[in-house]
Amino acid sequence: MVRSVISQVNPISRFSRSGGKLSPGSVPIDRIIAATGTPLYVYDADLMRHQYNKLVKALPRSFTICYSMKANPNPAVAKIFRKLGAGAEIASKSELEAALLSGFKPRDIIYAGPGKTEDELKDAMRSRIGVINVESETELERISKLSRRINKNRKRAKTKIALRVNPDFTSGNKGEVMIGGSRKFGIDSETIEPLILKTMADPGLDLAGFHFYAGTGLLEAKTLIQAYKAFVRWMKKTSVRLKLDVGVINFGGGLGIPYADGENELDIKAVGAALKKITANLAKSPGFKKTGFILEPGRYLAGPSGVYISEVTDIKRSRGTLYVITNGGINHSLIPIVLNRNYPTAILNKMNRRKKIECVVAGPLCASPDQFSRKVKLPKPEIGDLLGVFNSGAYGLTASMLEFLSHPTPAEVLTDQGRAYLIRESRKPEFGGFKRLKI
Ligand SMILES: Cc1ncc(COP(=O)(O)O)c(C=O)c1O
């Protein structure tokens, strides 16, 4: 019998299981593995839909959600959010390609991130994406010049931009904070006013609005809300001083998901309720009568849907510690080490057994950090067991060091209501190449 549970708390219990085995999207895991081998990533479409719908329910209607492609750029994944009504946030030329492949309309795509190359900017402008978020004065100048050149013979002769603001406050949260102080991100708030005026006077540019991104992996509603409030205070003052009509405020992403034991879920209802109040108050001020709002989360939408699966290849004890060695490691799943968290871990073919044995789960790489779970409790492990690292749907494959030690890359599988789809094949590394450069 297949049991499907969607719990608010335990990322493992969100997945269905059958006869003591994981059964993502009601597809028995051993059937998937028989078709693909290990290691692999499996994402469950219903869990993505669940996260998206939870967020939509919490947010005021004036908000558009743009899925941040960097979390998981696989077009089959992005397509799920697109079909639910999301736009896309991209940060590279290839992510633009992935977003277009996923079926996002160019006007629903936002381009953010520092150091965009001329080639990337040209591509974005030629594709007529919705907005380019500007990170520096020099980037603004480059976009202005390019815009005049590219849009010379076009009807819509202006490039829509938003200015990314690095405010003079920070948000003291446990996640990775990306505002305040000296940053490579955004334009310092105390130097931005001349650039706002310059943009408004530029015949090649259309100032769509402002972008702000507090950080990533933020788990406390209070900290996010304080950051939103502080940003809106700054926005109001700036709009009064410069007599601005603000088209869009993009509040960024950063909504966290709990990884380790003891971390609580982000209170998304509290975040949504606060945004409702903040934006309703803002709408009373001149300059914000027609303002639209954006959130651009990645981790929150895709993270809980994914499990990274490897196979136990060895078990050893060293001076009292039990090591469970698998055929997958930080070459495929780096972020648990970067964040220094034990992601939720389980033996997928022993889901009904009690967890009694403390072990270190390590990969096959010749590098000591290649241990994605330290001191986790598992049922008695055996060679051939399937080891699952949960909450791996975001910043998994895409944020890893895939060719380290030249193992093949893991396959990616999407499950959706009883069906499984191979959405990226495992690939061997390519060696060689010896071509004289014509220089
Ligand atoms: C500009 C921007 N938007 C959105 C995101 C997505 O963040 P998250 O996955 O934490 O929601 C990031 C992540 O770094 C980002 O830099």
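Below are legends for a set of close-up views of one predicted model.

**View 1. How confident is the predictor across this chain?**
Mean pLDDT for the chain comes out at 94, and 97% of its residues make it to 70 or more. The stretch to treat separately is residues 1-8, where pLDDT stays under 50. For residues 1-8 the model has 16 contacts beyond four places in sequence.

**View 2. Two domains and the contact between them.**
Domain 1 is built from two pieces of chain, 2-44 and 304-424, while domain 2 covers 112-297. Their C-alpha centres sit 36 Å apart. Domain 1 puts 8 residues into the contact and domain 2 puts in 4. What is the side of domain 1 that touches domain 2 made of? Its residues split into 4 nonpolar, 3 polar and 1 charged.

**View 3. The shell around the ligand.**
There are 17 residues around the ligand. Which of them come nearest? That would be Ser68, Thr216, Gly253, Gly298 and Arg299. Sorted by class, the shell has 7 polar, 6 nonpolar and 4 charged residues.

**View 4. Helix α4 and its buried face.**
The buried residues here are Glu95, Leu96, Ala98 and Ala99. Looking down the axis of α4, the buried residues fall within an arc of 165°, so they line one face of the helix. What do they pack against? The partners are α3 (75-84), β6 (87-90), β7 and α5. After α4 comes Gly103, with a positive phi near 95°.

**View 5. Helix α5, one side in and one side out.**
Now for α5, residues 118-126, where Glu120, Leu121, Ala124 and Met125 are buried. Why do these four end up on the same side of α5? Because they cover an arc of only 130° around the axis. The background is simple helix geometry: an α-helix has 3.6 residues a turn, so residues three or four places apart point the same way. Flip to the other side of α5 and you find Glu118 and Asp119, both exposed. The buried residues of α5 pack against two helices, α4 (93-101) and α6 (137-150), and against the strands β7 (109-111), β8 (131-134) and β9 (159-166). Following α5 is Arg128, whose phi is positive, near 55°.

**View 6. A cis peptide bond at Pro39.**
Is the bond from Thr38 to Pro39 cis or trans? The model has it cis, with omega near -10°. As for where this happens, Pro39 belongs to the loop between α1 (29-36) and β4 (40-44).

**View 7. Positive phi at Ser406 and Gln417.**
Start with Ser406, in the loop between β21 (386-390) and β22 (411-416). Its phi is positive, near 60°, and this residue is something other than glycine. Buried or exposed? Ser406 is exposed, because just 11 other C-beta atoms lie within 10 Å of its own, and 12 or fewer is the cut-off for that label. Gln417 lies in the loop between β22 and β23 (419-424). Gln417 isn't a glycine either, yet its phi is positive, about 50°. With 11 C-beta neighbours inside 10 Å, Gln417 counts as exposed too.

**View 8. Ala280, with Pro60 across the way.**
Ala280 is part of helix α9, residues 268-282. How many residues separate Ala280 and Pro60 in sequence? The count is 220, but the C-alpha to C-alpha distance in space is 9.3 Å. Ala280 is exposed, as it has 11 other C-beta atoms within 10 Å.

**View 9. Ser373 in strand β20.**
The strand in this view, β20, runs over residues 371-378 and includes Ser373. Is Ser373 buried or exposed? Ser373 has 20 C-beta neighbours inside 10 Å, so it counts as buried; the cut-off for buried is 20 or more. Which residues does it touch, leaving out those up to four places away in sequence? Ser373 touches Asn342, Tyr343, Thr345, Val360 and Val361. A marker pair for the view is Ser373 and Tyr41, 332 residues apart along the chain, with 17 Å between their C-alpha atoms.

Terms used:
Residues numbered from 1 in each chain as written. Predicted model: local features only at pLDDT ≥ 70, side-chain atom pairs only at ≥ 80, totals over all residues. Arc of directions from axis to C-beta. Contact = placed C-beta atoms within 7 Å. Near = placed C-beta within 6 Å. Nonpolar A, V, L, I, M, F, W, Y, C, P; charged D, E, K, R; others polar. Domains from an automatic or database assignment. pLDDT = per-residue confidence, 0-100.
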